[in-house]
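Q: I should like to learn how to read a helix and its surroundings in a protein model. May we proceed feature by feature?

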Amino acid sequence: MNINSAKEKVDKWSDILIHILNGETYTNKEENIQIPLLESSEPDEIVPGVLENLTVKITKRKDEDKFLIVPSEKDLEQMLDEQIKISWSLAKNYCEQFVRKIKDNHEVVIHFNRRSGFCRGNSLGLALTINFIEELLKFYNPTYIVQAQNGLAISGGLNKQGKVLPVGDEIVKLKTELVFFSTVEQLVIPKHNEFAAREKLDELKLKYSERILKITAVEDLEDLLNRRNIVGIKKINPIVRTAKFARRNVFAVLMILLLTSLFTALLTVDLDDNPSYVTLDGKKAYIKNKNGKTLFNFPFLTNKFDVDNPVSISSFFKIVDIDFDGDNEIIYVADKLNENTKSWKIPSIECVDKDFNAIWSYSFADTVYSEREILLPPYDFRLIDTATINGRNVMLFRVNNRQSFSTAISGIELSSGLRIKNTFWGSGHTLSEIKRDINNDGQEDIVAAGIDNGFEDAVVWGIELNKLDGYRPTTREYQIKGFKEADLIFYFRIPKQDVDKYLGLRSPSIWYYSLNFREYDKSLSFEMFTIKNPGTQTISDFIKTYVITIDSNLTVSDVVVISSFRVFRDSLVAQGKLNPPYTDTKENKEIIKNSVLYWKNGKWVKREEWEK
């Protein structure tokens, strides 16, 4: 290539990049999955590299599986060997739902089309698995094929169970930066690294605010394959499929022609009527089968936050086989607004079968008491997860009093819709909850976070499922009467920080659905937020402040500052409205960590006493 042609190429790419950074859509989207790779610079520094993509070719073998990497490098093969085998096994297992019989042995050629940068560990596992699935289905020519969407980049490894393994936060930031300056429109990353990626994206968008790049965080392979904005599942035209088969199986063509008329109708109709997942558009809920076909829909009013948030959707809908007969049922939080009368209904949890026939309905109508007031229904529902409590299969749920401060966590028996005996009460709304084993006893627990109206602090706590009863300690005025004090695994208070006091807020708050459990180090994390303009309290006035980490010893171990909040608070410090230190400093983080209070032996203690 001469200098002039090279210059033309650079100028053309520069033009494209400018348009992309200005928010325009690039029509010639990359069809292959892009894999962000990094490079080493001196001395031992990792910097953004290039976007790589793969070509996979599959043929049959008579003996064992054989994997060939092109270009071949010994070091590269050693790093990829285990992940290739894991990805191959996961891909074959997935394809078995489409292919009647997959041969035992294959030769698989993996071609790195650009081969620049380097692959660290297993970070291309997700992309490799999707490539394997695509090529296996092309090779075996079933009714359906799987195809990654165009304009897509993926980073993240997989373990044998299909769980997405995290990469380092600094690594994911570099990869986000690399993708930002490309034609990619969507970056898929491990759920664990979502905060780091979004933080980097926010930083980059300070300069290029119009750049359109969506970050999608996934927890496992099933999560990724169920997202139609990442992976599409479509039926092959029977004529195309037959022609492809004919080229490979000349002697079977006559038989296929005889049977085509019989099977064409079946091939062109999706007969799967088993609910698999739910999507929302703000006005309706769409119940879909595993192939993405809408089985039915019904009115379900939601805001944009819920439509765009898979965790939020999961708190409204659960697809569960309640009687283990192979047909899934839908359990959902009933729409609170009657579309015909425009009047508010009492919230309820509904269970319907795959034909939308009612099975059971439950409304939370408890009245409880405190010194301050009588706490009457109605309550707003959120679904948590299924669990087994005292041998009963239940759907765990939490409720927040719509007019006052009481909150509760309980469960409904899946088969009957009857509520279990035990209920855990709190004085201040619950905002995020997950089911995980946090005390390493082999039994899953509930971890939740929210507000305590008595202490006027943010609170986080954990409780064993078989001890889900009683009340969460609070001040005497707000204590729920008539119950025993709950036996908690842990209970923390996060008091107001200087910004909250400056803004005149009653309490700090925890971001909705932000609780996260990291399996590899058994740590918990959640996001705090404040309200810039407390008088309005619209979502645009909310500003995330810190990510708090609780380590496996159940101690607050780390505080990460959100970039946008750093700018907001530092400006107040610079103006003399708040005292130093500045926000993203060790001194400020220690102030926050040292302010946390721990419930121990019936009293609140500081970290030093908690760790004894």
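Q: Which elements cover the buried residues of α12?

A: This is a predicted model. The cover over the buried residues of α12 includes two strands, β34 (542-550) and β35 (556-561), together with the helices α5 (194-205), α11 (498-503) and α13 (586-595).

Q: Which residues of α12 are buried?

A: The general idea comes first: an α-helix has 3.6 residues a turn, so residues three or four places apart point the same way. In α12, the buried residues are Ser563, Phe565, Phe568, Arg569, Asp570, Leu572 and Val573.

Q: How many ångströms should helix α12 span, and why?

A: Each residue contributes 1.5 Å, so the 12 residues of α12 (residues 563-574) should span 16 Å. The C-alpha atoms at its ends are 16 Å apart, in agreement with that expectation.

Q: What follows α12?

A: Gly576 follows the helix, and its phi is positive, near 80 degrees.

Q: Which residues touch the most other members of the largest nonpolar core?

A: A nonpolar core is a set of buried residues joined through side-chain atoms within 4.5 Å. Here the largest one has 47 residues, and Phe132 and Leu224 touch the most other members. Helix α3 (residues 125-140) gives the most to this core, with 10 residues. Another core, of 44 residues, lies apart from it; among its members are Ala449, Ala458, Val460 and Val556.

Q: What does Phe132 touch?

A: Leaving aside residues up to four places away in sequence, Phe132 touches Val56, Ile58, Ile84, Ser87, Trp88, Ala91, Val108 and Ile110.

Q: How many helices and strands does the chain have?

A: The chain has 14 helices and 37 strands, and buried residues make up 50% of its 612 residues.

Note on methods: Residues numbered from 1 in each chain as written. Predicted model: local features only at pLDDT ≥ 70, side-chain atom pairs only at ≥ 80, totals over all residues. Heavy atoms only, no water. Helix = DSSP H or I, 4+ residues; strand = E, 2+ residues; numbered from the N terminus. Expected span 1.5 Å × (residues − 1). Buried < 20%, exposed > 50% of the residue type's maximum accessible area, 1.4 Å probe, protein only. Contact = heavy atoms within 4.5 Å.
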